[in-house]
Amino acid sequence: MAEDGINSFMNGPDEQGRFGIFGGRFVSETLMPLILDLQARYDHAKTDPDFWAEMHDLWTHYVGRPSPLYHAERLTAHLGGAKIYLKRDELNHTGAHKINNVLGQIILARRMGKTRIIAETGAGQHGVATATVCAKFGLKCVVYMGAHDVERQAPNVFRMRLLGAEVVPVTSGRGTLKDAMNDALRDWVTNVADTFYCIGTVAGPHPYPAMVRDFQSIIGKEVRTQLAEQEGEGRLPDTLVAAIGGGSNAMGLFHPFLDDPSVNIIGVEAGGKGVNEQMEHCASLSGGRPGVLHGNRTYLLQDEDGQILEGFSISAGLDYPGIGPEHAWLHDTGRAQYVSITDVEALEAFQLCCALEGIIPALEPSHALAHVMKIAPTLPQDHIIVMNMCGRGDKDIFTVAKHLGFDMKI
């Protein structure tokens, strides 16, 4: 069961923002007053019916929730074994799960009187969601994006700029998500008076990991209701599977089931070229160790001196050398299992999903699907797997075409 006096896996974090030894609030003195104000505002919002009424109205009429829970019949038949359901969060407005959380953060930002929103993005989906909501509410938006990701996620860069956001390419480091988050934090320290940092995952200083998780938990709450409607009252998934970079889509699916011991939970990290000593992957739980980055303590890819390593993944959204602190805690307590999938395996899953279900997945959930492809044939037919299809793949077609040798000029 849960540790450190927490009687339920769903009750964390503690008052200091810690999940066991993970999480916390490691920020500069300049940011601490803003962080404490945000925590107070969110603590109030959690019990404010007006806040949740606004959220549910926007989720319903702007985002398009609830997203479908789809029985993937052809995929199930092809793999044999377990019955596979896909939670279709790629059908949300903006094409991913990110907008679930962005709406909540920006409503809080408006309540705090902030007029400028900054964000980091890797695959671009969080950036697009942030730019979208800023456009809706008339707020200035600045998105930091690694220069390498700007190149490989060009469709989303164009979308952000169409929506009025300023996209700032970050050239430090390897030009990926870690570097974008570094620059966003520097901006925030400099512009605390009018700026709100809209973090895209269940990482960062407390209260961000828990706050983002709470907004994303709409995913798992819908699954509970939808599966009962389709499979019978009280029927729970036997296995949940989701891809993990920082881990917000996964935590959104997992959290409402953490206190159901019959539900097996599997997070899928980016294995890149394989989990090896060269660190050509982003599997923090498989190849990393605890350390502090971006305001929280969690598992990180780092060298013997504690220097953060770059990591590698074909997927821009999973190309991050750490993981959300609650995932680190779930890993250490044994409540969830974490595995890795290579680029090659993800590309195979991407193609299979297109061919069998007429769904073009993003490269992020393609990692989760690749693991489903491994385990489904080994499970009985009455075993139910629910996988989060957290993003659509139009942003990745140029990357996939390049790796598969297709000429996009045709």
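**Cavities in a predicted model**

Trainee: By class, how many nonpolar, polar and charged residues does the lining of the largest cavity have?

Mentor: In this predicted model, the lining of the largest cavity divides by class, with Gly counted among the polar residues. On that basis the lining has ten nonpolar, 15 polar and four charged residues.

Trainee: Which elements give two or more residues to the lining of the largest cavity?

Mentor: The largest cavity, with a volume of about 340 Å³, is lined by 29 residues, and those nearest its centre are His97, Lys98, Gly317, Leu318 and Glu364. The elements that contribute two or more residues to this lining are one strand, β5 (116-121), and three helices, α5 (125-137), α8 (177-190) and α11 (248-254).

Trainee: Which helix gives the largest share of the lining of the second largest cavity?

Mentor: The structure holds two cavities of 30 Å³ or more, and the second largest has a volume of about 30 Å³. Its lining consists of Leu34, Ile35, Leu38, Met112, Trp188, Phe196 and Tyr208, which divide into seven nonpolar, no polar and no charged residues. The largest share of that lining, three residues, comes from helix α1 (residues 32-45).

Trainee: Is Asn191 buried, partly exposed or exposed?

Mentor: Asn191 is found in the loop between α8 and β8 (195-197), and its C-alpha atom is separated by 44 Å from that of Leu404, 213 residues apart along the chain. Buried requires under 20% relative accessible area and exposed requires over 50%. Because the relative accessibility of Asn191 is 28%, this residue counts as partly exposed.

Conventions
Residues numbered from 1 in each chain as written. Predicted model: local features only at pLDDT ≥ 70, side-chain atom pairs only at ≥ 80, totals over all residues. Heavy atoms only, no water. 1 Å grid on protein atoms, 1.4 Å probe; cavity = no way out; pocket = protein on both sides within 12 Å on 5 of 7 lines; lining within 4 Å. Points joined across faces, edges and corners; volume = space filled by probe spheres on them. Helix = DSSP H or I, 4+ residues; strand = E, 2+ residues; numbered from the N terminus. Buried < 20%, exposed > 50% of the residue type's maximum accessible area, 1.4 Å probe, protein only.
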